[in-house]
Amino acid sequence: MTPNIFYRIMKVYCTTALRFYFKTWKINNAKSIPASGPIIFIPNHQNAFLDAVLVICSTSRNPWSIARASVFKEGLATRLLTMAQIKPVFRSRDGFGSLRNNDAIIQEWIDMLAKNEDILIFAEGNHNEPYAGGTLQKGFARMTMQFKEKNTTPLTIVPVGIHYEDHHAFRSRVLINFGDPIRVNEILEDSFSEREKLETIVTVTDDAMKKLALAIPADDDYKAKFNFLLKHRKFEKDMMGQLEADKNTLKSYPLAPAILLSKKSSIIWKIINPIIWIGYVLHILPYLLIKRFIEKNIKDPQWISSLKYAFGIFLVPMYYIILLVVFYLIIPNGLALLAFAVLLPVTGIGATDFLKK
C-alpha cells in the first residue's frame, strides 16, 4: 500500500535532516531487504524515537512503527501520529488492565501484514543504556505465529543493528546494519511444538541481531566495560570497520589494547578559525535553548539525541527564517540573501566538525 502524502513528505524531510544531523550515516546491506511481501523489522533500541526514524529512512520500505499509548490523545495528536504511520501499544506501567487492549492492536497489525504492510517493532521492549544488549520479548514472535496460522503469504523478519559512535552528540557517526532476511517458513518445521516455534523465532532473531551491533551485557561490569571502550577505542574511517574495532576492543577487556592515538587539531587553529567563530555566533541562541531545555527537563539520557534531532528539524529552520528576514530588512539584496542562507548551515556544521577534530 502506498503511504499517504504526509508520511512521504515527512520521510523526505527527516532523511534530509539526518544527513545534516550526522556527520556520517552508513547504511549496510539494505539491498538484501525483500522488495515485496510483508516484513517485520526488529532493531536494537538505544536512542528513543531517533532509532525508528533512522531505520525507516534507511530503507525504501515504509514500515509502521509503535509508540506508547499515552501519547495518543483525542484529536489532532492521534490524527498526526496515524498519518505518520505510528500505532499505539500499551505497557505494564500503563496499568495491567490496559494490556488487554493490546490484543485488538496485535490483531490490527496482523491484518496490516496480510495487506503487505510492514511493521517496525522494538522487541527489546524498552530503550537501553548505550551499547547495552537487551533481551528480546516474545510478543513479535507470537504475532508472527498468529499471522502464519491465518495467512499463506510468506512473512519475513529483518533484524537491524544500530551502532552509534556517540549516542548523544550532534555531528557524530551512525551505522544502520540490516541483517539477512529471516524467512519464517524456512526456520519453522511442522513437527515443532508451539513452544518450540516461539523459541526458534526469538532465538534466530536474537542471534542475528548480536552480529549486527555492539552489545555490552547489562551486568555488574557494564559501566566498567563501557568506560573501557570509550578510553581505548580505536577509530576507523568506515562505520562497519568501527563496529568491528569496537567489538575487538571489548574482547580485550580488562587488558588495554595497544592503539595509535588519533592526532588532534591544534588548539591555536581552533581559536583563530573564522568558521568556528561565525558558526558559534550565528547559532548560539538555538544551541543554548536546546541545551537548557534538555538539562532542565530530560532525566532519561536516551532521549537526549532524539530531542536534539527533533528541535533541529523544527526550531532551527524557524530560527533561520527569522535571521533571513532580519538580514533582508537590513540588506535588501537577493544575491546577498542567498549567500547568507547558504552560510548559515555551512558555518553551523563546519564549526561543529572543526571543534571535534
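Let me start with Phe228, which is buried, at 8% relative accessibility. Keep in mind that this is a predicted model.

Its neighbour in this talk is Tyr253, which is partly exposed, with a relative accessible area of 27%. Now the geometry of these two. The ring centres of Phe228 and Tyr253 are 5.2 Å apart and the planes sit at 85°, so the pair is edge-to-face; the cut-off for that class is over 60 degrees. On where they sit: Phe228 belongs to helix α8, residues 222-232, while Tyr253 is in the loop between α9 (239-251) and α10 (267-272), so the pair ties together parts 25 residues apart in sequence.

Next, the wider count. There are 12 aromatic pairs in the structure. Another of them is Phe49 with Trp303, also edge-to-face, with 5.7 Å from centre to centre and 65° between the planes. Which parts does that pair tie together? Phe49 lies in helix α2, residues 48-57, and Trp303 lies in the loop between α11 (274-297) and α12 (304-330), so the parts being tied are 254 residues apart in sequence.

Are Phe49 and Trp303 buried or exposed? Phe49 has a relative accessible area of 32% and is partly exposed. Trp303, at 26% relative accessibility, counts as partly exposed too. Buried would need a value under 20%, which Phe228 meets with its 8%.

Last item, the cluster. Tyr21, Phe22, Tyr164, Phe170 and Tyr309 together form one aromatic cluster. That is what I have on the aromatic rings.

Key: Residues numbered from 1 in each chain as written. Predicted model: local features only at pLDDT ≥ 70, side-chain atom pairs only at ≥ 80, totals over all residues. Heavy atoms only, no water. Phe/Tyr/Trp six-rings, centres within 6.5 Å; stacked < 30°, edge-to-face > 60°. Helix = DSSP H or I, 4+ residues; strand = E, 2+ residues; numbered from the N terminus. Buried < 20%, exposed > 50% of the residue type's maximum accessible area, 1.4 Å probe, protein only.
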